[in-house]
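Reader: I would like a close look at a single part of this model, worked through carefully and then placed in its surroundings. Please take one loop position and build outwards from there.

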Amino acid sequence: MPVRETACIDGRMMPLADAALPMADQGVVRGDGAFETVGVWSGRPFRLGAHLERLNASLRSALLPEADPAALAGRVADVLEHALDDETIDAMIRLYVTASGTQIVLVSGQPDRPPHRRLDPVVAPWIRPRGTYVLSGAKTMSYMPNMVTSRVVQRDGADDALLLSSEGWVLEGPTFGVVWMADGVLHAPGVELGIVDSISRRTVIALAESKGIEVRTGAWPLDVILQADEVMTSSAVRPLQALQAIGDQNLPEDTPVARLLAAALAEERHSAV
Ligand SMILES: Cc1ncc(COP(=O)(O)O)c(C=O)c1O
């Protein structure tokens with residue numbers, strides 16, 4: 001039985017296909033609000049608490065009222081119970097809180113997307129270091145800069161973009177985090193650069209450390225990642241994947257650390273309670 005796609009708007013549950021927002025909602029007319037995407041693996045949301053914390057962090061930075069995490073978690077549980085018959089199902093939850101105070105929970109299937117093979121580097125001037133811009137690291141409903149950047153590089157044949165700061169630091173993807181192996185060390189751009197504090201990346205870092213792999217966070221320019229032994233992407237609804245190329249630079253084909261960490265992440269997602 002596939003996912004019964006369901007929406008819950010301010011506590012009212014309905015089929016996702018019937019869900020609608022008033023045109024005057026500030027989420028619609030201004031993209032004013034915050035969101036989260038949460039993976040559901042074997043029927044259970046993975047790290048829901050961390051996603052609810054990050055949702056409230058986004059709302060706080062946007063100077064909007066926070067949501068009650070316990071109440072929102074209760075709605076998520078209700079919608080999941082309605083949407084999933086089978087405990088083996090993988091799915092996706094989308095949470096939105098708009099500036100009009102509307103709270104939305106959507107449950108649907110996970111997107112069926114090809115793996116990331118090639119990312120093209122693009123400067124992302126809207127991502128600014130923490131402390132220099134009020135929305136640094138926030139997941140706002142105004143994601144158009146990220147989405148158009150994906151479309152621009154996809155028009156040129158890439159799978160997606162590798163975002164760089166105006167200063168040239170490697171940041172993240174438009175909807176995913178990026179880490180890489182070099183000299184036996186897992187490198188992860190620091191959240192102080194203004195990137196989203198990726199929850200899948202946090203899990204990957206913890207798994208790497210548990211396997212004795214040293215992890216370093218910081219700021220590195222593009223030429224460093226181009227020399228990496230393995231470059232990996234992840235998000236809440238994507239497995240950890242190894243890239244094949246960045247722009248026209250091919251990366252090494254053998255990716256043992258990506259294989260190890262991808263298996264560990266999948267295992268953790270499917271076994272978490
Ligand atoms: C810009 C950006 N970076 C990174 C991520 C990955 O975060 P997570 O692992 O929590 O899904 C996302 C996810 O949506 C994102 O939008």
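**A loop serine and its surroundings**

Author: S42 lies in the loop between strand 3 and strand 4. The model is a predicted one, and every value that follows is computed from it. Because its relative accessibility is 16%, and the cut-off for a buried residue is under 20%, S42 counts as buried. The side chain of S42 makes a polar contact with the side chain of H270, at 2.8 Å. When the neighbours within four places in sequence are left aside, the contacts of S42 are with E87, T88, I89, D90 and H270, so that H270 appears both in this list and as the partner in the polar contact.

The two strands that flank this loop belong to an open sheet of six strands, in which the order is 2-1-6-5-3-4 and the pairing is antiparallel. At its edges are strand 2 (12-15) and strand 4 (44-45), each of which pairs on one side only. Helix 2, which comprises residues 48-61, packs on this sheet and touches strand 3 (33-41), strand 4 and strand 5 (91-98), with its direction at about 170 degrees to that of strand 3. Helix 3 (residues 69-83) lies across strands 1, 2, 3, 4, 5 and 6, and runs at about 30 degrees to strand 6 (103-108). Elsewhere in the sheet, strand 1 (residues 6-9) pairs with strand 2 in the antiparallel sense over four bridges, and there I9 stands opposite R12 of strand 2.

Helix 2 also leads to the ligand, since R54 falls within residues 48-61 and has a side-chain N or O atom 2.8 Å from an oxygen atom of the ligand. A polar side-chain atom of S198 is 2.6 Å from a ligand oxygen atom, while in A236 a backbone N or O atom lies 2.8 Å from an oxygen atom of the ligand. The protein covers 96% of the 390 Å² of accessible area that the ligand has on its own. Around the ligand there are 16 residues, of which K139, Y143, E172, S198 and S200 come nearest.

One of these residues, E172, falls within strand 9 (170-172), which is an edge strand, as is strand 16 (249-250). The sheet in question is open and has five strands in the order 9-8-7-15-16, with mixed pairing. Strand 15 (residues 245-246) pairs with strand 16 in the antiparallel sense over two bridges, and I246 stands opposite Q249 in strand 16. Helix 4 (residues 144-155) lies across strand 7 (118-123) and strand 8 (160-164), running at about 120 degrees to strand 8.

Notes: Residues numbered from 1 in each chain as written. Predicted model: local features only at pLDDT ≥ 70, side-chain atom pairs only at ≥ 80, totals over all residues. Heavy atoms only, no water. Pairing = 2+ DSSP bridges. Contact = heavy atoms within 4.5 Å. Axes fitted to C-alpha atoms, helices over the stretch in contact; angles between N-to-C directions. Near = heavy atom within 4 Å. Polar contact = N/O pair within 3.5 Å; in protein donor to acceptor, adjacent residues only side chain to side chain. Areas by Shrake-Rupley, 256 points an atom, 1.4 Å probe, with all protein chains shown as cover. Buried < 20%, exposed > 50% of the residue type's maximum accessible area, 1.4 Å probe, protein only.
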